[in-house]
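Trainee: Before we begin, could you take me through this structure slowly, and let me ask for the reasoning behind each term?

Mentor: Gladly; here is what we will be looking at.

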Amino acid sequence: MNWNYRIVKHPPVKSGDNPLIGIHEVYYDSNGKITAYTEKPIIVGESVEELARVVDQIKLALNKSILRQKYPDGKPFVMEEDTKKSVK
């Protein structure tokens, strides 16, 4: 099974709203026919330009230190790692 990211146009949430677009994982069979996609988009916006700006911001995160998720008092919280290593 092959997959890639694709932009999907969503219908307006309510009448009069602008439709939104989102980036989804889309899965294909061996003939290239779409067989499935993720229900929830990984990024949502009102235009391709807005999605591109968000992707640029995500790329910047690859050069920053990794945050650690902890659960003090059972509630999720993120904090800086002791090391300053990035994922690159």
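Trainee: Where is the place of Ile42?

Mentor: Ile42 sits in the loop between E3 and E4. Please keep in mind throughout that this is a predicted model.

Trainee: Which residues form a nonpolar patch on the surface with Ile42?

Mentor: Trp3 and Tyr5 form that patch with Ile42, and together they have about 350 Å² of accessible area.

Trainee: Why is Trp3 called partly exposed?

Mentor: The relative accessibility of Trp3 is 44%, and the term covers values between the cut-off for buried, under 20%, and the cut-off for exposed, over 50%. Trp3 therefore counts as partly exposed.

Trainee: How do you know what to call Tyr5, buried or partly exposed?

Mentor: The same scale is used: Tyr5 has a relative accessibility of 46%, so Tyr5 counts as partly exposed.

Trainee: How many aromatic pairs does the structure hold?

Mentor: It holds two aromatic pairs. One of them is formed by Trp3 and Tyr5, with 5.1 Å from centre to centre and 90 degrees between the planes.

Trainee: What makes the pair of Trp3 and Tyr5 edge-to-face?

Mentor: Ring centres must lie within 6.5 Å to pair, and planes over 60 degrees apart count as edge-to-face. With centres at 5.1 Å and planes at 90 degrees, Trp3 and Tyr5 therefore form an edge-to-face pair.

Trainee: Why is the pair of Trp3 and Tyr27 called tilted?

Mentor: The centres of these two rings are 6.3 Å apart, which is within the 6.5 Å needed for a pair, and their planes stand at 35 degrees, which is neither under 30 nor over 60, so the pair of Trp3 and Tyr27 is tilted. This pair links distant parts of the chain, with Trp3 in strand E1 and Tyr27 in strand E2, 24 residues apart. Ring pairs thus link Trp3, Tyr5 and Tyr27 into a cluster.

Trainee: How do you know that strands E1 and E2 pair?

Mentor: Two strands pair if at least two bridges are found between them. Strand E1, residues 2-10, and strand E2, residues 20-28, have nine bridges in the antiparallel sense, so they count as a pair. Within this pairing, Asn2 stands opposite Tyr28 in E2.

Trainee: Which residue is the bridge partner of Val26 in E3?

Mentor: The partner is Tyr37. E2 is joined to strand E3, residues 34-37, by three bridges, and the two run antiparallel. In the hairpin of E2 and E3, with five residues between the strands, Gly32 takes a positive phi near 85 degrees. E2 also pairs with strand E4, residues 43-45, in the antiparallel sense over three bridges, and there Gly22 stands opposite Val44.

Trainee: Why is Val26 called buried?

Mentor: Val26 lies in strand E2, and its relative accessible area is 4%; since buried means under 20%, Val26 is buried.

Trainee: What makes Tyr28 count as buried?

Mentor: Tyr28, which is also placed in strand E2, has a relative accessibility of 11%, and this value is under the 20% cut-off, so Tyr28 counts as buried.

Trainee: Why is Val8 not given that term, but called partly exposed?

Mentor: Val8 is in strand E1, and its relative accessibility of 24% is between 20% and 50%, so Val8 counts as partly exposed. Val8 and Val26 are 18 residues apart in sequence, and their C-alpha atoms are 9.5 Å apart in space.

Trainee: What makes His24 buried, and what joins the side chains of His24 and His10?

Mentor: His24 is found in strand E2, and its relative accessible area is 0%, which is under 20%, so His24 is buried. A polar contact of 2.8 Å joins its side chain to that of His10, and such a contact needs a pair of N or O atoms within 3.5 Å.

Trainee: How many bridges lie between E5 and E6?

Mentor: Strand E5, residues 67-70, and strand E6, residues 77-80, pair in the antiparallel sense over four bridges. Val78 in E6 is the bridge partner of Gln69. These two strands form a hairpin with six residues between them, and Asp73 in the turn has a positive phi of about 55 degrees.

Conventions:
Residues numbered from 1 in each chain as written. Predicted model: local features only at pLDDT ≥ 70, side-chain atom pairs only at ≥ 80, totals over all residues. Heavy atoms only, no water. Phe/Tyr/Trp six-rings, centres within 6.5 Å; stacked < 30°, edge-to-face > 60°. Buried < 20%, exposed > 50% of the residue type's maximum accessible area, 1.4 Å probe, protein only. Patch = residues over 30% accessible without salt bridge, like charges linked within 9 Å, V, L, I, M, F, W, Y side chains within 5 Å. Areas by Shrake-Rupley, 256 points an atom, 1.4 Å probe, with all protein chains shown as cover. Salt bridge = Lys/Arg side-chain N within 4 Å of Asp/Glu carboxyl O. Polar contact = N/O pair within 3.5 Å; in protein donor to acceptor, adjacent residues only side chain to side chain.
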